[in-house]
Amino acid sequence: MSQINTNTYSLNAQRNLAKNSLGLSSAIERLSSGLRVNSAKDDASGLAVGLSKESAARTTAVGIRESQDKISNAQIADGAMGVVGDIVMRIIELNDMKTAASASGATGTEYDQEMAKLASTANDIQTKAQTAAGSATFTSITVTSAANTAMLTSVTNERAKLGATMNNEEYNIQSKRVMYENQQAARSRIMDADFAEETSRLSRFQVLQQAGTAMVAQANAIPQNVLSLLR
């Protein structure tokens with residue numbers, strides 16, 4: 001080479017040095033973020049698919065929370081209906097006691113008073129439970145002082161429906177958790193960085209950058225040799 005205005009050796013070394021710098025920058029970015037795809041330039045189609053998987057996973061997570069809320073509401077309702085069932089059984093017992101007392105000529109007023117209070121308490125418990133759990137969670141069974149086995153059966157049937165709701169939502173949660181796991185795994189395969197691979201790339205580009213820097217210095221020194229022609 002006998003030209004000094006254009007040093008093609010240096011230009012070539014600079015181009016490769018810039019290329020290696022981009023690779024080094026990419027490896028550092030991936031290792032520091034933990035992501036293989038940090039922007040569209042890394043993998044445009046992968047970014048689109050990865051974001052789609054992430055969105056789907058978030059939707060599934062919301063579904064899991066909704067099922068958990070339904071279970072919580074059903075548990076509130078079931079607890080309330082359990083107490084109502086106990087009250088209904090007590091009213092039935094008091095009715096029997098009143099009947100026995102009437103047979104002996106007693107008025108049974110004290111039984112009526114207690115049954116009325118119990119019926120009011122049972123209905124109040126249900127009202128508060130519906131407010132806490134949501135009115136659609138279970139039906140209001142109106143408890144009266146004349147509660148009987150039919151009313152107790154209604155309470156039992158309502159608790160059975162609540163139990164079915166809880167079991168069904170538990171199965172829904174299990175299914176959604178499997179779905180969520182698979183969605184996150186799919187997103188990870190696309191978006192997450194492979195640390196073993198990126199560490200190897202980092203080492204490679206560090207060596208190449210050091211070599212490239214040295215070669216730029218060597219290439220810049222080559223035109224000096226032309227000056228020997230002037231001696």
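Here are some short exercises on the structure above, each with a worked solution.

The model is a predicted one, so local features need pLDDT of at least 70 and side-chain atom pairs count only at pLDDT 80 or more, while totals for chains, interfaces and linings use all residues. Residues are numbered from 1 along each chain as its sequence is written, and side-chain values use heavy atoms, with hydrogens and water left out.

**Exercise 1. Work out how H1 and H5 are oriented to each other.**

Step 1: Find the two helices. Helices here are DSSP runs (H or I, at least four residues), numbered from the N terminus. H1 covers residues 8-33 and H5 covers residues 195-221.

Step 2: Look at the axes, which are lines fitted to C-alpha atoms over the stretch in contact, with angles from 0 to 180 degrees between N-to-C directions. For H1 and H5 they come within 8 Å and cross at roughly 155°.

Step 3: Apply the cut-offs. Angles under 35 degrees count as roughly parallel, over 145 as roughly antiparallel, 65 to 115 as roughly perpendicular and the rest as oblique. H1 and H5 are therefore roughly antiparallel.

Step 4: Check the handedness. A crossing is left-handed if the near helix is turned anticlockwise from the far one by less than a right angle, and right-handed if clockwise. H1 passes H5 in a left-handed crossing.

Step 5: Sort the residues of the contact. Ala, Val, Leu, Ile, Met, Phe, Trp, Tyr, Cys and Pro count as nonpolar, Asp, Glu, Lys and Arg as charged, and the others, Gly among them, as polar. Between H1 and H5 that gives 14 nonpolar, twelve polar and three charged residues.

**Exercise 2. Do the job again for H2 with H4, then for H2 with H3.**

Step 1: Start with H2 and H4. Their axes are 7 Å apart and the packing angle is about 165°, so the two helices are roughly antiparallel.

Step 2: Add the handedness and the residues. H2 and H4 make a left-handed crossing, and their contact divides into 25 nonpolar, 14 polar and eleven charged residues.

Step 3: Turn to H2 and H3. Here the axes come within 9 Å, crossing at roughly 170°, which means that H2 is roughly antiparallel to H3. In this contact you'll find 19 nonpolar, four polar and four charged residues.

**Exercise 3. Describe the largest nonpolar core and say which helices supply it.**

Step 1: Get the terms straight. Buried means under 20% relative accessible area, exposed over 50% and partly exposed in between (1.4 Å probe, protein chains only). A nonpolar core is a set of buried Ala, Val, Leu, Ile, Met, Phe, Trp, Tyr and Cys residues joined through side-chain atoms within 4.5 Å.

Step 2: Count it up. The largest core holds 28 residues, and Val88, Ile91 and Val143 have the most contacts inside it.

Step 3: Trace the suppliers. H2 (44-103), H3 and H4 (149-191) each give at least two residues, and H2 gives the largest share, with 13.

Step 4: Don't miss the other one. A second, separate core has five residues, including Leu24 and Phe205.

**Exercise 4. Compare the surroundings of Val88 and Met81 in H2.**

Step 1: Take Val88. This residue is buried, with a relative accessible area of 0%. Contact means heavy atoms within 4.5 Å. Beyond four places in sequence, Val88 is in contact with Val143, Ala147, Asn148, Met151, Leu152 and Val155.

Step 2: Take Met81, which is buried at 0% too. Among its contacts beyond four places in sequence are Gln126, Phe138, Val155 and Leu162.

Step 3: Note a spacing. Met81 and Phe138 sit 57 residues apart in sequence, with 9.4 Å between their C-alpha atoms.

**Exercise 5. Are Gln183, Ser120 and Thr142 buried, partly exposed or exposed?**

Step 1: Gln183, in H4, is buried because its relative accessible area is 14%. Leaving out neighbours within four places, Gln183 touches Lys53, Ala56, Ala57 and Thr60.

Step 2: Ser120 belongs to H3 (residues 109-133). Its relative accessible area is 48%, so Ser120 is partly exposed.

Step 3: Thr142 is in the loop between H3 and H4 and counts as exposed because its relative accessibility is 53%. Asn123 and Met151 are the contacts of Thr142 beyond four places in sequence.
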